[in-house]
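Visitor: I'm new to this one. Can you walk me through it?
Guide: Happy to. Here it is.
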Amino acid sequence: MTELSKTGAAVGEPTDSGKAPEAFLEVRDLKVHFPTDDGLVKSVDGLSFSLEKGKTLAIVGESGSGKSVTSQAIMGLHRLGTRGKNVRMSGEIWLDGKELVSAAPDEVRKLRGREMAMIFQDPLSAMHPYYKVGDQIVEAYRVHHAVSKKVARTRAIEMLDRVGIPEPAKRVDGYPHEFSGGMRQRAMIAMALVNNPELLIADEPTTALDVTVQAQILDLIRDLQKEFGSAVIMITHDLGVVAEIADDVLVMYGGRCVERGPAGEVFEQPQHPYTWGLLGSMPRIDRETSERLIPVKGSPPSLINVPSGCAFHPRCPYADIPKGNVTRTVRPELEQVSTGHWSACHLSAEDRQRIWTEEIAPKL
Amino acid sequence: MSETKKTDTVAEAAVPKQASAPEERDVLLKVEGLTKHFPIKKGILQRQVGAVKAVDGLDFEVRKGETLGVVGESGCGKSTMGRVITRLQDPTGGKITFEGQDITRLNTGQMRPLRRDIQMIFQDPYGSLNPRHTIGSIVSAPFRLQGVEPEGGVKKEVQRLLALVGLSPEHYNRYPHEFSGGQRQRIGIARALALKPKLVVADEPVSALDVSIQAQVVNLMDDLQQELGLTYVIIAHDLSVVRHVSDRIAVMYLGKIVELADRTSLYESPMHPYTKALMSAVPVPDPKRRGQKSERILLRGDVPSPIAPPSGCRFHTRCWKATQICKTTEPQLVELRPGQRVACHHPENFADQAPQDTVLLTAAKEASELVPDAVLSEGAAGKEPASDKATAAEETAAAEAAASEAVASEEKPASEKEATASEDKQAASTEETASEEEAVSSESASEEEASGEGAAEDEEASEGEEASEDEVASEESAASGVKTGPGAKVSAGKAVPAADAPAEEPATATGAAADAPAEGSGDTEAVAEETGREAEATGKASGADSQESTGK
């Protein structure tokens, strides 16, 4: 198994270059590449961010932008079993002073479920249909705690109660198919939180749910976060959910971060044309119905042939403004716009300001 | 099941007549009392043991050139509705009229010529295109099937259609797997538009797509509507999308329309509590509004099973305003404001439809824990004066009735009839409720007036009738005084299991519950007459007690 992590380390920079950071979770220059018959799929290509305890980071992007792969990389899920042979990972993931990319799989396994836990998008396929919901929670607890089944069961009932499942003592013996969509998602949250993890990753936790249930689940996650003080990474494509719950926002496009900053700033003063596009293409319930939405033209890029230069340039209406063809040849790096607010775009600050205030903001 | 159908048609006959007489000629599709039940079969003989009432009595019309949005949670029957009005599935009951022609019972052959005019766009762009056919053959299939030879040949027309939806003509020979989700959805749209349909039913056309692509498709559908004069029925669960595309919106809950209104009124002043809760739950992409959690109404629990929908108003198990009447009487879809039809006893932003009924259900009390105080106090404020009116004087009730007469013209003669027939003060105090019932079945109401006791027996005889009839019976019996309790009990006990057969427990529970209210409301009314509010308070308490005891 150790050789797997060596293969991971073989690509890109040496992993032990950095020192343990101060932040609770810090991801530095993370790359996750999958070699396939058609070519190298660069799902995540140089992503860095950090997250403190008690805060929520939302990762936003279209399908195929690398959001889910990022979260699975943090959880170490790419290196499980045969999958580990088909992935090339590099970079650093520091969780509470421990580096995960170079760590032995056994080490990561001890952390998984205890220090970090994940809520998946589709709870029906994430839970084992053959085992009772309670037993699955009990298992998750007993892996990390040397307690009797009885104690673990009490704990499971307590957690089910905490996430708002009615009659938890009875429901604990139910099978996943006997739960409705919202209840399943609650049960999965209970399973994820049974060990009081310090990092909770929620991968599209509400996408498959109705708005009313979505509101319940978001409230639940928020309350639990307050109670346990965990750090939360919320992966979603719904900007409404982001505004609801996030402290910081990271916008991903083509495997890279194009904009990152505090939620308020990203919604008020978005700097990247792609973020403008996302905001413009969302019908909003709180505003007057404008005649038309402003979509982003074209479709998301293939991760095998990511466009040269700025990956967004083929879809960007402003790609021709910067001089000298830079958008097509030079990949823009993240630059700080204001404190904590970063954006990767070739447009000059003045241009961006002008376009946002004159062209985009009035139409939203 | 036939009983349900019957009541539905009765209900239909009375209600929407008042709605749209002037626009009759513009109506493209008219749906009356539409039901679709899926049988549940069990055992070796495959006997039918119940039915999933996916669609259970829909009345609406679609006018030429408009977009009707249909929203609701999953399992509310919106997709089934779409499939039934396009006759992809056969309705169990009700009537569908397309351009004045009754298409409810047409067979496949008879439907074929109409398929040109009614087309559907499906939700899943991956599942709705045959992977072994080229785009050319998929989009030209309608021409082949209908035997239409377009001007300039099929290929040219298909390429024109592809260009119309934003694909390039050389995609003609490619296969579906070569396209992205958004492009596939465009192919589906091109296919739907091939024969220049009059009505396009789109079932979740954008929900499988990314946000940026969603906007492209929404804009495309918008452009095509203007260009080709299409009429859309758009089914979706995303309220912001529906708001953006629709002229009028129908909100569905458990197989019924609870509110049908034009876009602005629905979003600015929703009347049905469910609509309000639904809209308050939509996340708004504006972090500044995060603190304003007070606007949020959280609904507790999940949608009940459509196999055994709750009695009375189907939303009463989750509604924070639910009172006794909501449990026993099904509210009809009534046009309370011009262009806004609502099925609720205690609508938001409008006069209470059942002001004398003030006792909150236990379910409502539980729900109210989750409702922010602001909303609740607003609700209470709305209700308090209403109950004053009911207890204080009949004049107010009469005035209110007069107000609602303006909207529902049938109510007037019916309520007058009642007033003259019984010459009872109670009639006036219950007028609001009573007149509603009469709107539903004025004949049956007058019959019952003729013979008070006989009515109760009638109820027993026609056990299949819906809970609404029970309410009439119980009111009637409240007036006649003596025979009430048992009569109402029997009819309610029978009617409920007959209507939705399956589980014994709920059936008996409702039976018992319906028994209690008969006494409770009788009490309340009788005492309120004489002593006013204090007495009513006691009545309230007793009502609450009995209800709690029966509830468990």
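Guide: Let's begin with E99(B), which lies in the loop between β4 (93–98) and β5 (101–102) of chain B. Keep in mind that this is a predicted model.
Visitor: What is phi of E99(B) near?
Guide: Phi is near 50° there, a positive value in a residue other than glycine.
Visitor: And why does E99(B) count as partly exposed?
Guide: E99(B) has 15 C-beta neighbours inside 10 Å. A buried residue needs 20 or more, and an exposed one has 12 or fewer, so E99(B) falls in between.
Visitor: What about K196(B), where is that?
Guide: K196(B) sits in the loop between α6 (181–193) and β7 (199–203) of chain B. Its phi is near 50°, a positive value, and K196(B) is not a glycine. K196(B) is partly exposed, with 13 other C-beta atoms within 10 Å.
Visitor: New topic. How many residues does each chain put into the contact?
Guide: Chain A gives 37 residues and chain B gives 35 residues.
Visitor: Which elements give two or more residues on the chain A side?
Guide: They are α9 (211–228), α10 (239–245), α11 (263–268) and α12 (273–280) of chain A. The largest share, six residues, comes from α9(A).
Visitor: How do the residues of that side divide?
Guide: On the side of chain A that touches chain B, 16 are nonpolar, 13 are polar and eight are charged.
Visitor: Now the sheet in chain A. What order do the strands take?
Guide: Eight strands form an open sheet, ordered β6-β7-β8-β3-β9-β10-β12-β11, with mixed pairing. The edge strands are β6 (116–119) and β11 (335–338) of chain A, and each pairs on one side only. On average, neighbouring strands are turned by 20° against each other, direction ignored.
Visitor: Are β7 and β8 of chain A parallel or antiparallel?
Guide: Strands β7 (199–203) and β8 (231–236) of chain A pair in the parallel sense, over five bridges. L200(A) stands opposite V232(A) in β8(A).
Visitor: Which helices pack on the sheet?
Guide: Helix α2 (67–75) of chain A is one of them, touching β3 (56–60), β6, β7, β8 and β9 (248–253) of chain A. The direction of α2(A) makes about 150° with that of β7(A). Helix α12(A) packs there too, touching β3, β9 and β10 (256–262) of chain A. The direction of α12(A) makes about 100° with that of β9(A).
Visitor: Last one. Which residues of α5 in chain A are buried?
Guide: In α5 (133–144), they are V133(A), G134(A), Q136(A), I137(A), V138(A), A140(A) and Y141(A). Their cover includes α6 (149–162), α7 (168–171) and α8 (181–193) of chain A.

Terms used: Residues numbered from 1 in each chain as written. Chains lettered and ligands numbered in written order. Predicted model: local features only at pLDDT ≥ 70, side-chain atom pairs only at ≥ 80, totals over all residues. Helix = DSSP H or I, 4+ residues; strand = E, 2+ residues; numbered from the N terminus. Contact = placed C-beta atoms within 7 Å. Nonpolar A, V, L, I, M, F, W, Y, C, P; charged D, E, K, R; others polar. Pairing = 2+ DSSP bridges. Axes fitted to C-alpha atoms, helices over the stretch in contact; angles between N-to-C directions.
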